[in-house]
Amino acid sequence: QVASSTDGVMGGQSSARVTLDSVMGGRSSGSVKYSGGKALFSGDINTNGGGFSQLNFRSIGPLNIRQLAGFLLHVDVAKSLPATSTGGFPLPPKAYRLEFESRWGCALSAAFAVPVGAQGSAYIWVPTASLRSKGPFFTSWWRSSSVRSYCSGWRGVDTTRITRMTISLLYQAGPFALNIRSIVGYEQRREQQIPALPSSISPTSFLKQTHTSAEYLMGKAGAGVSLVDMQDAAWAVYDMAARQIASTNRVHSSVRESLRAAFSSAAALSTSAAHAAMRSATLQATQSLSSRLALFETSYGQVCRGWARYWTGRGWSWYKVSGSEEETFQLILRVSADECAERCSALASCYGYESMRNERCELWRKSPPATATAASNQPQAVCARKLSFTPVGSSCAGACRLGGGMGSGSELDIVSANSCLQCASKCAERSNCVAYECLEGASFRCEVWRVTPDGTAARNDLTSSTCALKSLFAPSARDCAAPPRPVLSPPPPPPPSPAPPPPAGYWWWGYGQWWWVS
């Protein structure tokens, strides 16, 4: 172990200073403050003309890292930013770069990402095997062969005499805060401790934003930073997001296991191969999570108020919603719109949801009104009704028919889709769609119907088709477009409590009664 706190790392408080992109015309900010043994590195990254902030620790004496297996960083989680009326959304993990520099400006570097959360801390392991030659700052744009050529031989990185350690944040716009509790080097590997995703953040939205952030970083390769540096940063973002999703129990077990297998195998790959593997795993996980969402008929800029109906088990009953009746919905605060939709998808007792400012979520126990009320002061309000797609006849299979014949252009539209679930989603998005037909075979075909088909017919060719009517969600109804739902296994029963030991003592009869003598 090389240090037990940031005070002892590379010379302590007196050695720390921040370098900004203002040296190259940038506008980013950054500072470091010490409090209670922690070092808070914070600021704001502005990618207009620059895009980095760098925390430098210079040692009083040379630091020897040659025999170390890696470094364990104990940091506070990055506070999640719930979506607000200004359009802010929960951030994906930010990727930082850890560097160790010796003489001639040559350095070894590796990327790491910090998980997001509401509170608490995380332990992040950076193995020395992941450190690679970076070269001096003025050769960062060189080809890797040129860097190796410059930083080799007598100018190579001397891992027994590290004179500076640097933590940098590159090209990730917006405010940042990295609160470092300790950086400790170990001769044997240490396990990471990564927190689960906060309940206020939608796993699907989180993975989509992670992919967007990683792709943006890859697009910055060559702008003063090498391709392999950006691949390393993008991999770190994917890796940390996958670890957080894998630790989140509300995510389906198959998704968690696939991500766990991906980051476990990627650890042994090269930088470019690890980035490609985690990118593919993240996209597959995002698609899998998206396919598990229910379909909704959504009204934007509106709240769920007015006349509505709900399924009683025997028929539809009408009721009027005029306020916040507790029997009508369950209220959850500080939850994004995406998370609200995911929670409603997972509950058979939820018939729709309302979200306002991405902070207030109402999970409706009855179907919300068909004509929601406009919310002029809530432009981000959403009123959504969960849908079911029921069979026209006794089965979902078959082609839609109207009056015994196929529909015409005045009765349906042919739209682009890749699956029956996506075809159903296209119908859900259209207020004038009452049914859909998807045809699977040599080529896929999706029809969204504006009139109600009155029957189905089997096809004679080697294709399969589905015809279903759009209707309000009813738990007992057969749903032709029902996505697979996560099956949460019940927790194992607690072990039986051991029987209490018999009391030490005996019963004694005397004076006309029994006495306990201990």
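Helices and strands here are DSSP runs, with at least four residues for a helix and at least two for a strand, numbered from the N terminus. With that in hand, let's walk through this predicted model.

Start with the whole chain. The protein has 518 residues, and 49% of them count as buried. Its secondary structure consists of 7 helices and 30 strands. If you take the contacts with a separation of 6 or more, 73% of them join residues 24 or more positions apart. On the outside, the chain exposes about 25200 Å², with carbon and sulfur atoms supplying 53% of that area.

Now turn to the largest pocket, which has a volume of about 1000 Å³. It is lined by 31 residues, and those closest to its centre are Lys 208, Ser 290, Leu 293, Ala 294 and Ser 425. Several elements each bring at least two residues to this lining: helix H2 (203-219), helix H5 (271-291), strand E14 (296-300), helix H6 (337-346) and helix H7 (420-429). The largest share, 5 residues, comes from H7. As for chemistry, the lining holds 14 nonpolar, 13 polar and 4 charged residues.

Next, look at the way nonpolar side chains gather. The largest nonpolar core has 68 residues, and Leu 73, Phe 112 and Leu 178 have the most contacts inside it. Helix H3 (residues 227-246) gives the most to this core, with 11 residues. Apart from this core lies another, of 20 residues, including Ala 417, Cys 423, Ala 424 and Val 448. To get a feel for the surroundings of one residue, pick Leu 178: leaving aside residues up to four places away in sequence, Leu 178 touches Ala 39, Leu 40, Phe 41, Val 75, Tyr 96, Phe 112, Val 114 and Ile 167.

Finally, visit a lysine. Lys 386 sits in strand E22 (residues 382-391). Is Lys 386 buried or exposed? Buried means under 20% relative accessible area, and Lys 386 has a value of 2%, so it counts as buried. Its contacts, again not counting residues up to four places away in sequence, are Ala 294, Leu 295, Phe 296, Cys 344, Ser 345, Leu 347, Cys 350, Tyr 351, Gly 352, Leu 472 and Phe 473. One of these, Ala 294, you have already met among the residues closest to the centre of the largest pocket. Another lysine to locate is Lys 366: Lys 386 and Lys 366 are 20 residues apart in sequence, and their C-alpha atoms are 10.0 Å apart in space.

Technical notes:
Residues numbered from 1 in each chain as written. Predicted model: local features only at pLDDT ≥ 70, side-chain atom pairs only at ≥ 80, totals over all residues. Heavy atoms only, no water. 1 Å grid on protein atoms, 1.4 Å probe; cavity = no way out; pocket = protein on both sides within 12 Å on 5 of 7 lines; lining within 4 Å. Points joined across faces, edges and corners; volume = space filled by probe spheres on them. Nonpolar A, V, L, I, M, F, W, Y, C, P; charged D, E, K, R; others polar. Core = buried A, V, L, I, M, F, W, Y, C linked by side-chain atoms within 4.5 Å. Buried < 20%, exposed > 50% of the residue type's maximum accessible area, 1.4 Å probe, protein only. Contact = heavy atoms within 4.5 Å. Areas by Shrake-Rupley, 256 points an atom, 1.4 Å probe, with all protein chains shown as cover.
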